[in-house]
Amino acid sequence: MAKANAARAGSRASSGAKRAPTRAKSGGRSAAKGEVRHDPEFVQLLTPEGERIEHPEYSVDFTDEEYRGLYRDLVIVRRLDAEATALQRQGELGIWASLLGQEAAQIGSGRALATQDMVFPTYREHGVLWCRGIDPIMPLGLFRGVDFGGWDSRAAKMQMYTVVIGAQTLHATGYAMGIAKDGKVGGDDGEAVIAYFGDGATSEGDVNESFVWASVFNTPIVFFCQNNQYAISEPVERQARAPIYRRANGYGFPGLRVDGNDVLASYAVTRRALDAARHGEGPSLIEAYTYRMGAHTTSDDPTRYRIASEVEAWQQKDPILRMRRFLEQQKIVDSAYFEGLESEADELAVDLRARVLALPDPAPASMFDNVYPHGSAALAEQREQFAAYHAGFEASTVEASTVEGGDH
Ligand SMILES: Cc1ncc(C[n+]2csc(CCOP(=O)(O)OP(=O)(O)O)c2C)c(N)n1
Ligand SMILES: [Mg+2]
């Protein structure tokens, strides 16, 4: 996974040719349904047309290599995600929650993480998982139902996927309070925590309680809300009558809205917020304004509750398309680069598919493994009962085949 980390190098520390933004950002932007106009707190560094623009507070220099690295990440995670959706359609996964449309929010924020930072994800953060260098097969094992996610969350600095909406924000806040108490905050090498959640999750008590605790304990955490406009079929207007990022003010910490389809802006704002957290400046809320271009999960049919023209309007703001336009306009890459990258992504997807199909079915009793680090008497008893129950089935199968003669 070393290549996946190619874009990790902090932009400020990097060397190489830098490209100056072409013009200053005025704050206005093309309007689509639900999009806020003339909002100075909407951070954007790359327009849907691929124009690199300036923001007074969030200007970041990227080298050509970093631009290419970010683009590569976007393309690969979209390709792997499409493969996972196809695997589900072919009956090889129980369910899949696609990240389609949210690649920039995830890659931008994921690449802004320092090695020592801890991630608390939902069930959709496959792009962040890629940035953490975790084998992309890990969530597929979970959604195939053969393991519980499986990666070493302490080594990878990314916790397990959480399906209980909003619950991980409490875990993240508690963890962040812990690292502060452990004295791991307060310098360039300080640790920070990032908690991912969706627009729908902002209606959960857990998220609001997290905000209170994070605020009053000045906790080193970044709340990263991907506002993909829907909580399954519920549009964001039914969760929030005011922009989500403004809620932070009421809790006493900063909040901002970033163009979540802009990988550069997502990187810049997350980097800044994480750095503030690791230096002891407390929590912040980032609302990454984006769009879920696919279904909520493979169990969902979005044509039942949203119209095609809305999806088409957001396709114009596709996070990968704008980066491609930028790379082409700036002549940072040639056509061979795009072809090579496409082949690389295809190869990774073919490899992923083969490995998913080869995943062994677990022994039923293995679900008792790894529950507690040192086991528990109650769990050991349950394991024995479970084993005896299963042994009963095996015995009756043997008996049945003996009765039938066993020669069919
Ligand atoms: C506590 C809880 N309530 C309800 C659900 C069912 N549920 C699964 S996903 C979802 C919507 C979440 O929407 P959002 O937070 O916007 O995240 P997104 O799926 O859009 O990324 C709901 C209600 C759940 N998993 N957990
Ligand atoms: Mg949502």
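The following conversation goes through a predicted model, asking how some of its descriptions are reached.

Colleague: What should I know before reading any numbers?
Modeller: Residues are numbered from 1 along each chain as its sequence is written, while chains are lettered from A and ligands numbered from 1 in the order in which they are written. Since the model is predicted, local features need pLDDT of at least 70 and side-chain atom pairs count only at pLDDT 80 or more, whereas totals for chains, interfaces and linings use all residues.

Colleague: Why is C131 called buried or exposed?
Modeller: A residue is buried if 20 or more other C-beta atoms, placed from the backbone, lie within 10 Å of its own, exposed if 12 or fewer, and partly exposed in between. C131 has 25 C-beta neighbours inside 10 Å, and therefore counts as buried. C131 lies in helix 3, residues 126–131, where a helix is a DSSP run (H or I) of at least four residues and a strand a run (E) of at least two, both numbered from the N terminus.

Colleague: Which residues is C131 in contact with, leaving aside its neighbours within four places in sequence?
Modeller: They are D73, I107, G110, R111 and L113, contact being C-beta atoms, placed from the backbone, within 7 Å. C131 and D73 are 58 residues apart in sequence, yet their C-alpha atoms are 8.0 Å apart in space.

Colleague: What makes strand 5 largely enclosed by the rest of the structure?
Modeller: Six of its six residues are buried, so that description follows. Both faces are covered, with V193, A195 and F197 buried on one side and I194, Y196 and G198 buried on the other. In a regular strand, side chains alternate between the two faces of the sheet.

Colleague: How do you know that strand 5 pairs with strand 4?
Modeller: Two strands pair if DSSP finds at least two bridges between them, and strand 4 (residues 118–120) and strand 5 have three, in the parallel sense. M118 stands opposite V193, and F120 opposite A195. Strand 5 is also joined by six bridges to strand 6 (residues 221–227), which runs parallel to it, and there G198 stands opposite Q226.

Colleague: Why is strand 4 called an edge strand?
Modeller: The open sheet has six strands in the order 2-9-10-6-5-4, with parallel pairing. Strand 4 and strand 2 (42–43) each pair on one side only, and they are the edge strands.

Colleague: What makes the unit of strand 5, helix 7 and strand 6 right-handed?
Modeller: A crossover is right-handed if, with the strands pointing away from the viewer, the path from the first strand over the helix to the second runs clockwise. The β-α-β unit of strand 5, helix 7 (residues 205–216) and strand 6 is right-handed.

Methods: Two residues are in contact if their C-beta atoms, placed from the backbone, lie within 7 Å.
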